[in-house]
Amino acid sequence: MKKFLSLTLSVFMIISAVFGTNAVVFADDRIECGDKGGNVVANYNAANHTLTLKGSGAMQDYTVSLWAGDVDITDIIIENGITHIGNSAFAAMHKLENISIPSTVKSIGKNAFSGSIWLKSVNLPASVETIGAGAFRTTGVVFNGVFVDKNNKSFTDVNGMLLDKNKETLYLIPSAGSTVVLEIPDTVKTIVDKAAVNCVNLKEVVIPESVTVLGDEVFTGEKSAVEKITILNPKLSLPEQLTLVTDTEKLTIAGYDNSTAQKYAKALNISFEVIDKQCKHIFDNGKVTKKANCKATGIKTYTCSLCGETKTETIAKTGHTYKNVVTKATLSKNGKIENKCTVCGKISKTTTINYAKTIKLNRNVITTNGTVQRPTVTVTDSKGKALTYKKDFTVTYSNFNSKNVGRYTVTVKLIGNYSGTKTFPYYINPKPTEFVPSNKGGFKAISRGFTIKWNKQASQTTGYQIQYATKRDFSNAATITIANPNTTSYTSKGRAGNTRYYVRVRTYKKIGNGTFYSNWNSGVKSVVTLR
C-alpha cells in the first residue's frame, strides 16, 4: 500500500508551528497593509471574530500571511475602495469561514486564501479581472466553491467550479458539495495544477476528450475520496502525480485500450478499466426530448458521458394548461371569454361579454366661446353597464384645436374585449345676437312695414339671417340674408298695413359649401305696421 503525504498539508503544519495562536497579538490594533501607494488598514474585532480591511488601492503582497495559524478570525470583510488582495494575504487561516469581496477589487493574488480549512464558499464580483494561482485552493472539507457574478467578463462558474469566461480553463473544483460523479464541461481544454484538493464526496471524475492539458496533483489531499477517474482523450499527456490518496489500491483509471491512460496506470500499478461496448455507463441528468401534456406522455433521454449510449424514461401526462381565449364583442354581437386548454381544447368556464349597444355624445352642437370645446363620450353595453375609457374604448377627435366655427368628428374605437369603430359629427356654431331694446329704437313700425336693429356680432360671423311672419310659429316665414357682419339694422317695406308681424334674427358663418347658424337667441319680437 502506497502512502502519500500532501506537500500542501506540510506547509500549513509548518506555518501553524511557526505562528501558532500567538502569531499576531490583537487588541483592536490597526495594521497598515497597503502597497504601491495603497492606503489599506486592517482592524480586528475580537468580540465577533471579524477582520475588516478599509482604505483604497492595492493591499500588500505577503510570503506568509500576518494572520496564518489559529487566530480566531472567522469572517473577513474587505470594504469598497480596495483594488487588490495581496499574495498569501489570508493563507492558512485555520478558522476562517466567510469572505466578503467588494465590487472594487480587480485582482486577487496567488494563494490569497489557500489553506483556509473551514472556508465555505466565495462570491466573486464582476470587477475581478485576474486571479493568481492557488488563490482559493483549500485543504478544507466544507468548501462549496466559487460563485461568479454573471456580469464578470473574465470568469464564470459551473456548480461551484471556477472557469475562465469561455469555459476552456478549469481553475478550481470545490472540495465539498453533494457531487458524487463530476462531469467536467466538454469545453474545458486545460485543468490547472491542484485544481481539486480533498474532495470528500467526489467518487468519480470524467475528464472529457476536449482536455489536452492536465495539471499536476489535480486530485490531491489525504481526505480525497476519488476512486475512479475516466479519461476520454486517448492521447492525453498525464503528469507524474495525477492524484494522491491514502490507498492507491482503491483508485481505478478508466480509458481506451492502448491509451496513454492505460500506460500510465500500468506504470504506477493502478487498476485500469477498458472502456468498450460493455461500458459501465455514467448517465447525465437527462434532457426532456418530448414534453408531456394533457393528451400524451413525454420522454426524458439520458446520455452516457463515456460512450454516448442513451436511455429513456416516460414522463407522465400533465394536467390541462388553461388560457383565457377572448372572442371580442362588437357593436351588435356579444363576445365571450373561454378558459380553454391550449393542448386539447377543453373549456372549463365561459363568460359572456355583452356587446357595446349605445355610444352617446353629451352634446353635438356647441356655441363657440373662443376656447377649445369637445363633447364627451359614454359607451354602455346591452345590459346598461358603462364601459371604461382607455380600457374598453378610446376617443379620437378630428381636430384638437376645435374652438372655431365648423364641423368636426369624434371617433370611438372599441378595444380590449371589444371590437368596432364608430364616428360621430359635432358642430361648433357662431355666437348668436340680440335685438336692441325697444326704448333704444330696436323696433319701429312704419307705413306698411317696420324697422329692426340688433347688436353687432362680427367675430366668426359671415352675416345675419332674419325671419318674419304673420304667425308666431313662423310658418310661411320670409327669410332675409344679410351677408355683412357689420350691418345691424333692416327695414322691411311693402307689407300689409295694420298687421302684426313676428320677427327673429340669428348669425351665420359660411365655410366652403357649408353654412353654420347660431340659435335664435334674439328671441321673438312683434310689431304692428302702420296703414
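Strands here are DSSP runs of E, at least two residues each, numbered from the N terminus. Keep that in mind for the pocket later on.

Good morning. This is a predicted model. Let's start with the whole chain. The chain has 531 residues, and buried ones make up 42% of them. It holds two helices and 42 strands. Now take the contacts with a separation of 6 or more. Of these, 49% join residues 24 or more positions apart.

How far does the confidence go? The average pLDDT for the chain is 87, and 89% of the residues score at least 70. One stretch needs care. Over residues 1-28, pLDDT stays under 50. The model still has 49 contacts beyond four places in sequence for that stretch. Where pLDDT is low, predicted coordinates should not be read in detail.

Next, the salt bridges. The count comes to six. I'll show three of them.

Start with Asp72 and Lys95. Their closest N and O atoms are 2.8 Å apart. What does this pair tie together? Asp72 lies in the loop between strand 3 (50-58) and strand 4 (75-78), and Lys95 in the loop between strand 5 (82-85) and strand 6 (98-100), so the bridge links parts that are 23 residues apart in sequence. Are the two partners buried or exposed? Neither. Asp72 is partly exposed, at 35% relative accessible area. Lys95 is partly exposed as well, at 36%.

The second pair is Glu273 with Lys228. Here the closest N and O atoms are 3.1 Å apart. Glu273 sits in strand 22 (residues 271-274) and Lys228 in strand 20 (residues 228-231), so this bridge ties together parts that are 45 residues apart in sequence. Now the surroundings. Glu273 is partly exposed, with a relative accessible area of 27%. Lys228 is buried, at 6%. The cut-off for buried is under 20%, so Lys228 falls inside that class and Glu273 does not.

Third, Glu338 and Lys336. The gap between their closest N and O atoms is 3.4 Å. In this pair the acid is the buried partner: Glu338 has a relative accessible area of 12%. Lys336, at 33%, counts as partly exposed.

On to the spaces in the model. Where is the largest pocket centred? Among its 30 lining residues, Asn159, Val181, Leu182, Glu183 and Ile184 lie nearest the centre. The pocket has about 690 Å³ of space. Which strand gives the most to its lining? That is strand 14 (residues 181-183), with three residues. By type, the lining divides into 16 nonpolar, ten polar and four charged residues.

Then there is the closed kind of space. The structure holds one cavity of 30 Å³ or more. About 40 Å³ lies in the largest cavity. Who lines it? Find Arg137, Thr138 and Phe143 to begin with. Then follow Leu172, Ile173, Pro174 and Ser175. Finish with Lys194, Ala195, Ala196 and Val197. Seven of these lining residues are nonpolar, two are polar and two are charged. Arg and Lys count as charged, so Arg137 and Lys194 are the charged ones.

To close, three places to look. Find the bridge from Asp72 to Lys95. Find strand 14 in the pocket lining. And leave the detail of residues 1-28 alone, with their pLDDT under 50. Thank you.

Conventions:
Residues numbered from 1 in each chain as written. Predicted model: local features only at pLDDT ≥ 70, side-chain atom pairs only at ≥ 80, totals over all residues. Heavy atoms only, no water. Salt bridge = Lys/Arg side-chain N within 4 Å of Asp/Glu carboxyl O. Helix = DSSP H or I, 4+ residues; strand = E, 2+ residues; numbered from the N terminus. Buried < 20%, exposed > 50% of the residue type's maximum accessible area, 1.4 Å probe, protein only. 1 Å grid on protein atoms, 1.4 Å probe; cavity = no way out; pocket = protein on both sides within 12 Å on 5 of 7 lines; lining within 4 Å. Points joined across faces, edges and corners; volume = space filled by probe spheres on them. pLDDT = per-residue confidence, 0-100. Contact = heavy atoms within 4.5 Å.
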